[in-house]
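Reader: I would like to learn how to read salt bridges in a model like this one. Could you walk me through some cases?

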Amino acid sequence: MASQSRQPGIGVGTWAWGNQFLWGYAPERDDPRLAATFARCLERDLLFFDTADSYGTGRLNGRSETLLGQFAAAASPLHQGRLCIATKLAPFPWRLGRQGYRRAFAASRARLQGRLHRVQLHWSTARYAPWQEGPLVDGLADLVREGAVASLGVSNVGPERLRQLQRRLADQGVPIRSLQVQLSLLAPQPIQSGGVAEVCRELGIALIAYSPLALGLLSRGDDPSQGAPAGPRGALFRRLGPKIRPLRQAMAELAQGRPGGRVAVALNWCRAHGAMPIPGLRSPEQVDQTADALSWELSPAERERLDALVLAEGAARMPANPFQSA
Ligand SMILES: NC(=O)c1ccc[n+]([C@@H]2O[C@H](COP(=O)([O-])OP(=O)(O)OC[C@H]3O[C@@H](n4cnc5c(N)ncnc54)[C@H](OP(=O)(O)O)[C@@H]3O)[C@@H](O)[C@H]2O)c1
């Protein structure tokens, strides 16, 4: 039975849907499975989908949005009414000024066949062009005020910048609804003292945890350094795999007798910290395991046990996103 808790739910990440370089996507082989994945999400009440205009490599750029648009169009009217699809627009250098996102927004909305409920700044430009993101975000606020999209979010923004953007948009009467940052047992910085989770709580901004399974490192079989995936993820698995054995052991103990196994432990740790995880899903089986996590929660003592392991000095860490601002 689903719990009555006020912890956040779970959303779905779609970075892999169209990405050949990191995720080995192949259209003919993968699209039927992704359609079944989407359908299973709706059956299991996972209704928040995260995508981006930059998802899809090379000639497949925008593929994730295109697939989501096709799948959502085929959903029942009941499900369509409950879906929330959030895209992220990249502030590539040539997207400048208050009108800088207009064309990108229209293109994303067209790929999504009009089903676009939230638009997000994909990353902060604070580290390389701090003047760029303000006008771009103002342009997103215009889209909300005009009724072109229901809500606005930001991503890869740190505590300082989040406060600045929140003030800027509050002056225009548009709230920031969500902040999306890397957050997992191997990237716990947002929930540390002085981290961005505190600012989100204070300002009433929903926190979204991306890469909550550390690109699969937390969900793989018992020894992730064995049988690491091909490509760039493999190097990461070989480097961090051996360092996380005590953490994996603790996760296995907490998973015992509970639906969803270790995946559910990783996701429920995010939820216990007030964040909605958006694991990257690409099979109906993964959807089931993910949705099973919603049937239980970590107790405060169990959460603290994991906190002590992952916040310890020298604990294994995922590489930080280079565009994450202070
Ligand atoms: N805002 C940003 O800058 C940003 C950056 C990164 C990601 N994101 C968003 O966050 C989403 C999630 O992050 P992510 O895709 O990077 O990584 P992730 O969710 O941490 O990991 C995805 C991996 O988890 C595995 N997995 C998922 N569910 C599983 C299950 N039930 N059992 C076993 N393995 C499972 C998948 O395995 P397989 O390989 O076997 O499929 C895949 O390798 C993305 O899709 C994207 O929407 C946003």
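Author: What follows is a short tour of salt bridges, with their places in the chain and their exposure. This is a predicted model, where local features need pLDDT of at least 70, side-chain atom pairs count only at pLDDT 80 or more, and totals for chains, interfaces and linings use all residues. Residues are numbered from 1 along each chain as its sequence is written, and side-chain values use heavy atoms, with hydrogens and water left out.

Reader: What counts as a salt bridge, and how many salt bridges does the structure hold?

Author: The term means a side-chain nitrogen of Lys or Arg within 4 Å of a carboxyl oxygen of Asp or Glu. The structure holds 21 of them.

Reader: Which parts does the pair Arg63 and Asp31 tie together?

Author: Helices here are DSSP runs (H or I, at least four residues), numbered from the N terminus. The Arg63 and Asp31 side chains meet at 2.6 Å, N to O. Arg63 lies in helix H3 (residues 63-73) and Asp31 in helix H2 (residues 27-43), so the bridge joins parts 32 residues apart in sequence.

Reader: Is Asp31 buried or exposed?

Author: Buried means under 20% relative accessible area, exposed over 50%, and partly exposed in between (1.4 Å probe, protein chains only). Asp31 is buried at 16%, while Arg63 is partly exposed at 21%.

Reader: Where do Arg303 and Asp307 lie?

Author: Both sit in helix H13 (residues 300-310), 4 residues apart, about one turn of the helix. Their closest N and O atoms are 3.5 Å apart.

Notes
Helices (H or I, at least four residues) and strands (E, at least two) are DSSP runs, numbered from the N terminus.
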